[in-house]
Amino acid sequence: MSRRRTAKPAIEASNVIALPQATNVPFDSLVLSQRNVRNIQNGVSIEQLAADIKRRGLLQSLNVRMVPNEDGSPSGVYEVPAGGRRYRALQLLVSAGELDQKSLIPVVVKVGGSAADDSFAENAMRVPLHPLDQFRAFKTLRDEGQSVEDIAATHFVTAEIVKQRLRLAGVAPDILDMYQAGEIQLDQVMAFALAEDQDRQLQVWETIRNLGHFDRTPPQIRRRLIEKSIKASDKRVRFVTLDAYEAAGGRVDRDLFSTEDEAWCVDVVLLNGLVQAKLTEVSDTLKAKGWAWVEAATDFPFDATYGLRQLVAGGRDELEQERLMALNAERDELLAEVDADEDLGPEADAYLAELEEEIQALEDKGGSYLPDEMVMAGCFVSITREGELNLRQGFVRPEDEIQEEEPEAAISDGADDVGADCRTFDNAAAVPTGDPEEMENVERPLSSTLVSELGATRTIGMRNAFAQHPDVAFNVMLAQLVVRRYVRRSKDMLDVRVGDGYLPVTAPGMQDLDSALAIEERDQHWRSQVQTDDVLAWVEGLEMDAKFALLAHLLSYGITVAARRDAAAPADPIAERIAFDMSSEWRPTRANYLERVTKGHIQSAVREACGADMAGRIEHMKKGPMAAEAERLLAHTGWVPLALRLGPDAVEIETASEDEEDALPAFLSGDADGADDAEAAPVEGLPPAIAAE
């Protein structure tokens with residue numbers, strides 16, 4: 001059975017749209033309409049639009065209306081109610097002589113309706129490009145051979161913006177499709193653009209796609225993309241330089257959307273190889289100079305030199321020594337004037353800088369090592385946290401020492417050791433049993449190893465702080481001698497004997513603490529100053545301030561802050577007098593704390609430092625991501641665990657038995673009756689800073 005085809009009805013003439021007439025008119029026949037609704041300039045300037053028209057021509061006709069004469073007849077003049085910016089741009093080109101007054105301009109002649117309505121519609125109906133279309137448009141231009149600079153100049157943006165758009169266009173197509181569909185946001189796409197490897201982008205997306213909102217935020221995406229990379233600010237990268245790494249073929253992921261121009265080295269194996277090659281080159285040079293051995297590594301444990309004797313370089317010649325003393329005296333005089341709030345002017349500041357530079361050069365030069373000493377000694381070569389070469393020379397191992405009769409061993413008076421009591425915990429509650437996941441959410445006792453490391457970290461910090469308070473050091477030394485003589489049962493605040501600073505345990509990153517670096521710098525300074533041929537005469541020649549500074553430095557090596565703390569911790573009176581605070585330099589990281597405690601401890605730390613809301617945001621996370629996010633949240637809060645605090649917030653442990661309790665003398669602890677009311681009498685024969693203590 002055949003179907004009959006039904007004929008379509010004819011379109012009535014009244015339903016046909018009558019489009020305005022398109023034509024060309026001379027430029028001098030056009031005038032700007034007063035009914036143009038755009039009065040506030042926004043976006044591309046008229047000058048930029050004129051330059052664009054000059055380059056590519058007019059892409060869009062002007063919307064015009066005939067201006068009638070008084071009698072209603074055509075005047076030959078057309079007003080422009082829609083397209084005023086294009087008209088002004090053409091006007092600029094005419095004024096510059098780049099376009100003739102009689103040049104024909106494409107226009108659409110509109111009849112009837114409202115000129116103001118046409119102007120509003122033209123502006124309101126236009127739709128800006130979707131950001132994804134912008135990215136792809138820039139990529140198309142780049143693929144056509146245009147340089148980044150050409151694209152930037154043509155479209156009146158910076159080269160940096162072009163690079164950003166090109167990087168976004170290079171994100172994995174599947175991720176861009178999700179952005180186009182509205183499944184993810186632009187800031188998430190920007191985060192994925194950190195890595196140029198599209199496979200890596202998709203791998204991260206597959207990991208987080210089914211996780212909660214907080215695990216899909218831009219910071220979390222960036223963290224997962226770079227978790228196996230090395231930041232360009234890392235000391236290893238700074239040591240070999242980023243340019244050398246890239247020249248060797250290393251790939252770099254750069255965050256083009258960061259104001260800090262952050263970058264990460266992806267090829268970690270290559271980077272470590274370059275570091276080792278450079279360290280090996282330095283080692284070979286040192287061995288060629290005559291050193292018996294050279295140990296080279298990125299860094300060494302804090303106690304790497306324990307038990308080794310360090311040689312003292314030979315003294316400077318007499319002229320150099322006299323010059324150094326004169327420079328130091330002149331510098332001290334200038335600094336005293338600065339401390340007195342005297343305005344020395346820029347010339348004096350420049351001269352002071354010259355003095356500092358010459359002093360540093362002489363001190364760095366130091367003395368020289370004798371060949372017969374070098375053949376039994378060696379060096380440690382590492383990298384400072386700033387990425388510079390760290391060379392420590394002249395260490396002699398015990399087995400390489402010339403054997404001599406050993407002196408009688410010193411008898412210990414029982415000073416506390418770091419980690420002497422591993423029963424210290426931030427929370428002494430009983431350890432729960434049950435489901436492992438639930439146990440992770442409980443603040444279980446900290447491990448004895450972590451507690452010992454925290455004690456060692458606090459010891460280093462307090463040693464450095466103590467050495468900067470010579471007046472306190474003097475009083476502590478005198479008080480401890482009194483304790484040793486008259487209060488035999490009291491615990492030692494300070495081991496008065498000058499030790500080598502040995503710590504039974506060390507913590508990750510201790511060698512890079514500001515305190516550790518300051519102690520090493522101060523020790524090397526004094527080591528370079530000592531006149532070994534007559535130590536007593538050298539000491540007698542020091543200024544009193546220098547003697548007290550040296551005394552404080554030497555005594556600081558006797559400080560040991562035990563991991564165990566109680567109400568009468570021996571070092572507390574010293575810490576209080578020097579206002580010691582570890583929060584100024586120690587920050588919790590995954591390595592030194594967060595990955596070594598339970599999730600309950602991590603949440604407790606964030607809750608205390610950042611509030612309950614922030615702690616709740618990480619509550620659902622697994623331990624690894626939780627520790628990473630907590631490290632970021634706690635970075636600048638000044639939070640430290642209880643084991644590093646002083647005073648009423650310090651660690652609480654079981655009360656010691658009566659046999660173990662040793663009270664400090666009242667005059668040291670401040671508990672003596674009337675101690676706060678009595679006015680200390682000055683002591684004759686002591687410097688004012690000490691006598692007033």
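**Helix α6, the cores and a pocket**

Biologist: Which residues are buried in helix α6?

Modeller: In this model, which is predicted rather than experimental, helix α6 spans residues 159-169, and its buried residues are Val-162, Gln-164, Arg-167, Leu-168 and Ala-169.

Biologist: And what covers the buried residues of α6?

Modeller: The cover includes the helices α4 (131-143), α5 (148-154), α7 (173-180) and α8 (186-192), together with the strand β7 (252-254).

Biologist: Let's step back a bit. How many helices and strands does the protein have, and what share of its residues is buried?

Modeller: There are 28 helices and twelve strands, and of the 693 residues in the protein, 38% are buried. The accessible surface comes to about 39900 Å², with 51% of that area belonging to carbon and sulfur atoms. Among contacts with a separation of 6 or more, 75% join residues that are 24 or more positions apart.

Biologist: Now the largest nonpolar core. How many residues does it have, and which have the most contacts inside it?

Modeller: That core has 39 residues, and those with the most contacts inside it are Leu-454, Met-462, Phe-466, Ile-578, Tyr-593, Ile-602 and Ile-618. Two or more residues each come from α18 (448-467), α19 (470-486), α22 (544-556), α23 (572-577), α24 (599-610), α25 (612-618) and α26 (623-634), and α18 gives the most, with six residues.

Biologist: What is Leu-454 in contact with, leaving aside neighbours within four places in sequence?

Modeller: Leu-454 is in contact with Leu-446, Trp-586, Tyr-593, Pro-641, Ala-643 and Leu-644. There is also a second, separate core, which has 24 residues, Phe-135, Ala-195, Val-204 and Ile-221 among them.

Biologist: Staying on α18, why does Val-451 count as buried?

Modeller: Val-451, which lies in helix α18, counts as buried because its relative accessibility is 2%, and the cut-off for buried is under 20% relative accessible area. Its C-alpha atom is 9.5 Å from that of Leu-644, although the two residues are 193 apart in sequence.

Biologist: And Gly-455, buried or exposed?

Modeller: Gly-455 is also in helix α18, and at 5% relative accessibility Gly-455 counts as buried. The C-alpha atoms of Gly-455 and Thr-506 are separated by 9.0 Å, with their positions 51 residues apart along the chain.

Biologist: Changing topic: how much space lies in the second largest pocket, and which lining residues are closest to its centre?

Modeller: The second largest pocket holds about 2000 Å³ of space. Its lining is made by 46 residues, of which Lys-231, Asp-234, Thr-589, Arg-590 and Glu-631 are the closest to the centre.

Biologist: Which elements give two or more residues to that lining, and what is it like by class?

Modeller: The elements are α10 (218-226), β6 (230-231), α11 (235-240), α18 and α26. By class, the lining of this pocket has 21 charged, 14 nonpolar and eleven polar residues. Both α18 and α26 also give two or more residues to the largest nonpolar core.

Biologist: One last thing, where does Thr-241 lie, and what is its phi?

Modeller: Thr-241 lies in the loop between α11 and α12 (242-247), and its phi is near 75°, a positive value in a residue other than glycine.

Biologist: Why is Thr-241 classed as partly exposed?

Modeller: Thr-241 is classed that way because its relative accessible area is 36%, and partly exposed covers the range between under 20% for buried and over 50% for exposed.

Key. Residues numbered from 1 in each chain as written. Predicted model: local features only at pLDDT ≥ 70, side-chain atom pairs only at ≥ 80, totals over all residues. Heavy atoms only, no water. Core = buried A, V, L, I, M, F, W, Y, C linked by side-chain atoms within 4.5 Å. Buried < 20%, exposed > 50% of the residue type's maximum accessible area, 1.4 Å probe, protein only. Helix = DSSP H or I, 4+ residues; strand = E, 2+ residues; numbered from the N terminus. Contact = heavy atoms within 4.5 Å. 1 Å grid on protein atoms, 1.4 Å probe; cavity = no way out; pocket = protein on both sides within 12 Å on 5 of 7 lines; lining within 4 Å. Points joined across faces, edges and corners; volume = space filled by probe spheres on them. Nonpolar A, V, L, I, M, F, W, Y, C, P; charged D, E, K, R; others polar. Areas by Shrake-Rupley, 256 points an atom, 1.4 Å probe, with all protein chains shown as cover.
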